[in-house]
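Let us take a friendly walk through a protein model, starting with the whole chain and then stopping at a few residues. Please keep the structure open as you read.

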Amino acid sequence: MNAQQLYDCIIKPTHLYMGGNYESKDANFLSLCTAAIESNCGYYIKQVGGPALGVWQMEPPTHDDIWLNCDKLKAPKDGRGCVLAHRVRGLMVSPDNDGDTDLIVSPLYACAMARLKYSMDEAALPDHNDIKAVYDYYKRIYNTRLGASTYEKFKSALANNHIMDVK
């Protein structure tokens with residue numbers, strides 16, 4: 001997928017729709033970089049030989065962990081429903097409602113789930129102007145020490161997808 005269109009048509013609108021502080025230049029750039037390294041901006045929507053799904057290549061156990069453990073998706077103690085959880089569920093389009101299929105068929109949902117994964121970390125998002133800091137944050141939170149990503153692969157994915165040309 002064209003990186004500018006991914007940014008304009010999926011990432012920024014999804015982050016804005018989520019409300020709160022989910023949308024920012026730093027958040028949008030981090031999501032775009034994650035899509036670039038994970039799936040070549042949507043070239044792959046199902047991991048070849050693996051379980052990861054969607055533009056952000058999220059594994060089903062990670063998806064389930066976000067729903068179970070992301071405090072921002074839990075209802076407040078006053079008994080009202082969680083507005084953010086309602087909004088994110090509203091991005092689901094498949095009838096199974098388990099979310100796994102939606103990681104593939106709803107890029108908006110997949111984007112929201114990737115953004116929520118990052119929101120579970122207490123550290124501030126890295127400055128979008130510091131590519132190494134963006135990579136280090138991505139690697140620690142999203143790819144983890146067990147993942148195959150390297151800084152060289154990250155830089156290559158950004159270059160191949162023209163990420164630095166996105167406005």
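Read from the N terminus on, the elements of this predicted model run α-α-α-α-α-α-α-α. In other words, the chain has eight helices and zero strands. The radius of gyration is 15 Å, close to the 15 Å that the globule rule gives for 167 residues, so the chain is as compact as a globular protein of that length. Along its principal axes, the C-alpha trace spans about 45 × 35 × 30 Å.

What share of the 167 residues is buried? Buried residues make up 48% of them. The accessible surface of the chain comes to about 8,600 Å², and carbon and sulfur atoms hold 53% of that area. Contacts tell us about the fold as well: among those with a separation of 6 or more, 55% join residues that are 24 or more positions apart. As for charges, the chain has 18 positive and 20 negative ones, and their mean positions are 2 Å apart.

Now look at the aromatic rings. A pair of such rings is described by the distance of the centres and the angle of the planes. The chain has eight aromatic pairs. One of them joins Tyr-138 and Tyr-142, a stacked pair with 6.3 Å from centre to centre and 25° between the planes. Where do Tyr-138 and Tyr-142 lie? Both belong to helix 7 (residues 131–143), where they sit four residues apart, about one turn of the helix. Both tyrosines are buried. They are also members of one aromatic cluster, which Tyr-118, Tyr-135, Tyr-137, Tyr-151 and Phe-154 form together with them.

A residue from another helix reaches this cluster. Leu-30 is found in helix 2, and it counts as buried because its relative accessible area is 2%, with the cut-off for buried at under 20%. Leaving aside neighbours within four places in sequence, Leu-30 is in contact with Tyr-118, Leu-125, Val-134, Tyr-137 and Tyr-138. Of these, Tyr-118, Tyr-137 and Tyr-138 belong to the aromatic cluster. Leu-30 can also be compared with Ile-131: the two are 101 residues apart in sequence, yet 9.6 Å apart in space, C-alpha to C-alpha.

Next come three residues in loops. The table lists where each is placed and how much of it is accessible.

| Residue | Loop | Relative accessible area |
|---|---|---|
| Cys-41 | between helix 2 (25–39) and helix 3 (60–69) | 0%, buried |
| Ser-106 | between helix 5 (100–105) and helix 6 (107–119) | 4%, buried |
| Thr-144 | between helix 7 and helix 8 (151–160) | 33%, partly exposed |

Which backbone angle stands out at Cys-41? Its phi is positive, about 60°, although Cys-41 is not a glycine. Thr-144 also has a positive phi, of about 65°, and is likewise not a glycine. Cys-41 is buried at 0% relative accessibility, whereas Thr-144 is partly exposed at 33%.

Ser-106 brings in some partners from elsewhere in the sequence. Leaving aside its neighbours within four places, Ser-106 is in contact with Leu-91 and Val-93. With 4% relative accessibility, Ser-106 counts as buried, although its place is in a loop.

Definitions and conventions. Residues are numbered from 1 along each chain as its sequence is written. This is a predicted model: local features need pLDDT of at least 70, side-chain atom pairs count only at pLDDT 80 or more; totals for chains, interfaces and linings use all residues. Side-chain values use heavy atoms; hydrogens and water are left out. Helices (H or I, at least four residues) and strands (E, at least two) are DSSP runs, numbered from the N terminus. The radius of gyration is taken over C-alpha atoms; the globule rule is 2.2 Å times the number of residues to the power 0.38. Buried means under 20% relative accessible area, exposed over 50%, partly exposed in between (1.4 Å probe, protein chains only). Contact means heavy atoms within 4.5 Å. Accessible areas come from the Shrake-Rupley method with a 1.4 Å probe; for residues, only the protein chains shown count as cover. Lys and Arg count as positive and Asp and Glu as negative; His and the chain ends are not counted. The place of a charge is taken as NZ of Lys, CZ of Arg, CG of Asp or CD of Glu. Rings of Phe, Tyr and Trp (its six-membered ring) pair if their centres lie within 6.5 Å; planes under 30 degrees apart count as stacked, over 60 as edge-to-face and the rest as tilted.
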